[in-house]
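Q: I'm new to this structure and would like a close look at one part of it. Could you walk me through one helix and its salt bridge, and then show me what lies around it?

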Amino acid sequence: MNTPQDPRGSAVPLPLLLLLLLLTGVCIDGYKPVIIVHGIFDGPKEFKTLSLFITKAHPGTKVSVIDLYDNMTSLKPLWRQVQAFRKAIESIMRKAPDGVHLLCFSQGGLICRALLSTISDHNVDAFISLSSPQAGQYGDTDYLRCVFPDYLKKTVFRICYTRLGQKVSICNYWNDPHHRSRYLQTNSFLPLLNGDRPHAKMKAWRENFLRIKKLVLIGGPDDGVITPWQSSHFGFYDSNENVVEMRNQEFYRNDTFGLKMLDARGDISMCVHSGVKHVHWHSNITVFGSCIEKWLT
């Protein structure tokens, strides 16, 4: 094996070279750090398996599962959560000059989108949205009954689209297709994030979001929670509850937050898996191998 040479032509011992690389912060294995943001009603302990998948596939990868707003505190309003997650994630990004990957599950995918839109100097390479209601949620699920046991999907707008309701995270992305005007007027989170309701920061948020190099959207028909499941791919119901796919959504056609531009760049990857329940996405080795692993380099 040849001994490395310094610029003046003299040999540099290999142990000394490795020490210099470590001291200067150079990542020898080349894998970017991975930041994981959990979903509603869970926390870091649910992502031990996914973290092991990552470190086994890419040894040496630094994996950080953000320990904030766990379990029942995940019901706090999303903009409040975004502020706290921002401080934690910016700290990790500052230590990773070559960039990071953001892997976000369920409600966490919306928190991550808000972070990507509002942080002007983020260095996120791949944003992996794992079964997240990116276009909103509208369904009678166990999650809804846990939060609002006395309401069904057809009536929950009566509380969600109020000032009080907007203090509950699930209401921040509740998208009732039969009450579109109330959704646009009273929902303080998703209409702003999707650009459905114009605001002064739309251009800046779009530019920030477009700093990512890859958007990976993962979901499937047997999820059982995300409703419609196509919301994980930015599809959603029309007023007749027919699913309108991403490219026919108004926010895509108007490119309000950069989705159409990402698509034009060839930087959107959609992954569909059948037979996966919502709570199993992050522990399914097949999903990891086919939808996630290749983007975490």
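**A helix and its surroundings**

A: Let's start with a pair of side chains: Arg86 and Glu90 meet in a salt bridge, with 3.1 Å from N to O. Keep in mind that this is a predicted model. Both Arg86 and Glu90 belong to helix α3, where they sit four residues apart, about one turn of the helix. An α-helix has 3.6 residues a turn, so residues three or four places apart point the same way. Side chains of opposite charge can pair when their charged atoms come close.

How exposed or buried are the two partners? Arg86 is partly exposed, its relative accessible area being 28%. Glu90, at 19%, counts as buried, because the cut-off for buried is under 20%.

Now look at the whole of α3, which runs over residues 78-94. With 17 residues at 1.5 Å a residue, α3 should span 24 Å, and its end C-alpha atoms are indeed 24 Å apart, so the two values agree. Glu90 has company on the inside: the buried residues of α3 also include Leu78, Gln81, Val82, Phe85, Ile89, Ile92 and Met93. What do these buried residues pack against? Their partners are the strands β1 (34-37), β2 (63-65), β3 (100-105) and β4, together with helix α4.

One neighbour of α3 is helix α9, residues 202-209, in which Met202, Trp205, Asn208 and Phe209 are buried. Viewed down the axis of α9, these buried residues fall within an arc of 125°, so they line one face of the helix. That buried set packs against α3, and also against α4 (107-118), β4 (124-130), α8 (190-193) and α11 (259-265).

From β4, which the buried residues of both α3 and α9 pack against, we can step across to strand β5. β4 and β5 pair in the parallel sense over five bridges, and Phe127 stands opposite Leu215 in β5. Strand β5 also pairs with β8 (residues 268-272), again parallel and over five bridges. There, Leu215 has Ile268 as its bridge partner in β8.

How many residues of β5 are buried? Six of the six, from 214 to 219, so the strand is largely enclosed by the rest of the structure. Lys214, Val216 and Ile218 point one way from β5, while Leu215, Leu217 and Gly219 point the other way, and all are buried.

Let's return to salt bridges, starting from α11, one of the elements that the buried residues of α9 pack against. Asp263 and Arg247 meet in a salt bridge with 2.8 Å from N to O. This pair links distant parts of the chain: Asp263 is in helix α11 and Arg247 is in the loop between β7 (243-244) and α10 (250-253), 16 residues away. Asp263 is buried at 16% relative accessible area, whereas Arg247 is partly exposed at 37%.

For another example, take Glu46 and Lys45, whose closest N and O atoms are 3.1 Å apart in their salt bridge. Here Glu46 is partly exposed, at 25%, and Lys45 is exposed, with a relative accessibility of 59%. Altogether, the count comes to nine salt bridges, and the one in α3 where we began, between Arg86 and Glu90, joins a partly exposed residue to a buried one.

How values were computed. Residues are numbered from 1 along each chain as its sequence is written. This is a predicted model: local features need pLDDT of at least 70, side-chain atom pairs count only at pLDDT 80 or more; totals for chains, interfaces and linings use all residues. Side-chain values use heavy atoms; hydrogens and water are left out. Buried means under 20% relative accessible area, exposed over 50%, partly exposed in between (1.4 Å probe, protein chains only). Helices (H or I, at least four residues) and strands (E, at least two) are DSSP runs, numbered from the N terminus. The arc is that of the directions from the helix axis to the C-beta atoms. Contact means heavy atoms within 4.5 Å. A salt bridge is a side-chain nitrogen of Lys or Arg within 4 Å of a carboxyl oxygen of Asp or Glu. Two strands pair if DSSP finds at least two bridges between them. The expected span of a helix is 1.5 Å times one less than its number of residues.
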